[in-house]
Amino acid sequence: MENHISKISRWVLCPACGSKTRDRIRADTILKNYPLYCPKCKKETLIDAKNLQISVIKEPDA
């Protein structure tokens with residue numbers, strides 16, 4: 001039997017360096033203000049995700 005999750009899920013790519021992170025999202029995943037950590041460039045970025053579309057949240061300067 002084939003794994004159907006692989007067809008409807010994607011690895012989340014780091015918005016800073018473009019490498020693959022340790023997180024995967026499915027088509028029905030909704031994230032708000034999610035702190036995405038990249039093990040390669042060691043940066044943390046706030047993201048939103050809906051319908052496999054990732055958008056970066058710009059943090060206001062303090």
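Colleague: In the hairpin of β1 and β2, which residue takes a positive phi?
Modeller: This is a predicted model. The hairpin of β1 and β2 has 6 residues between its strands. The residue there with a positive phi, near 85 degrees, is glycine 18.

Colleague: How do β1 and β2 pair, and what is the bridge partner of leucine 13 in β2?
Modeller: β1 covers 9–13 and β2 covers 20–26. The two pair in the antiparallel sense, over 4 bridges. Leucine 13 has a bridge partner in β2, namely lysine 20.

Colleague: Is serine 9 buried or exposed?
Modeller: Serine 9 sits in strand β1. Beyond its neighbours within four places in sequence, serine 9 is in contact with Arg24, Ile25 and Arg26. The relative accessible area of serine 9 is 12%. Under 20% counts as buried, so serine 9 is buried.

Colleague: Where is proline 15, and which residues does it touch beyond four places away in sequence?
Modeller: Proline 15 lies in the loop between β1 and β2. With a relative accessible area of 40%, proline 15 is partly exposed. Its C-alpha atom is 9.0 Å from that of serine 55, though the two are 40 residues apart along the chain. Leaving out residues up to four places away, proline 15 touches Leu36, Thr45, Ile47 and Val56.

Colleague: Which side chain meets arginine 26 in a salt bridge?
Modeller: Side chains of opposite charge can pair when their charged atoms come close. The whole structure has 1 salt bridge. Arginine 26 is partly exposed, at a relative accessible area of 35%. Its partner, at 2.7 Å from N to O, is aspartate 28.

Colleague: What lies over the face of tryptophan 11, and how many aromatic pairs are there?
Modeller: Arginine 24 lies over the face of tryptophan 11, at 5.4 Å from the ring centre. Ring pairs are a separate matter. For aromatic pairs the count is 0.

Colleague: Which residues make up the largest nonpolar core?
Modeller: In soluble globular proteins, nonpolar side chains tend to be buried together. Here the largest nonpolar core has 7 residues. They are Val12, Ile25, Leu31, Leu36, Ile47, Ala49 and Leu52.

Colleague: Which strands each supply at least two residues of this core?
Modeller: The core includes Leu31 and Leu36, as well as Ile47 and Ala49. The strands are β3 (30–37) and β4 (44–50).

Colleague: What does leucine 52 contact, leaving aside neighbours within four places in sequence?
Modeller: Leucine 52 is one of the core residues. Another core member, Ile25, is among its contacts. The full set is Ile8, Arg10, Ile25, Arg26 and Ala27.

Colleague: Along β4, which side chains point to one face and are buried?
Modeller: The side chains of β4 alternate. Glu44, Leu46, Asp48 and Lys50 point to one face and are not buried. Those that point to the other face and are buried are Thr45, Ile47 and Ala49.

Colleague: What stands opposite tyrosine 34 in β4, and which residue in the turn of β3 and β4 has a positive phi?
Modeller: β3 and β4 pair in the antiparallel sense over 6 bridges. Tyrosine 34 stands opposite isoleucine 47. The hairpin has 6 residues between its strands. The turn residue with a positive phi, about 60 degrees, is lysine 42.

Colleague: What stands opposite aspartate 48 in β5, and which residue in the hairpin of β4 and β5 takes a positive phi?
Modeller: β4 pairs with β5 (residues 53–56) in the antiparallel sense, over 4 bridges. Aspartate 48 stands opposite serine 55. This hairpin has 2 residues between its strands. The positive phi, near 55 degrees, belongs to asparagine 51.

Technical notes. Residues numbered from 1 in each chain as written. Predicted model: local features only at pLDDT ≥ 70, side-chain atom pairs only at ≥ 80, totals over all residues. Heavy atoms only, no water. Core = buried A, V, L, I, M, F, W, Y, C linked by side-chain atoms within 4.5 Å. Buried < 20%, exposed > 50% of the residue type's maximum accessible area, 1.4 Å probe, protein only. Contact = heavy atoms within 4.5 Å. Salt bridge = Lys/Arg side-chain N within 4 Å of Asp/Glu carboxyl O. Pairing = 2+ DSSP bridges. Phe/Tyr/Trp six-rings, centres within 6.5 Å; stacked < 30°, edge-to-face > 60°. Lys NZ or Arg CZ within 6 Å of the ring centre and 35° of its normal.
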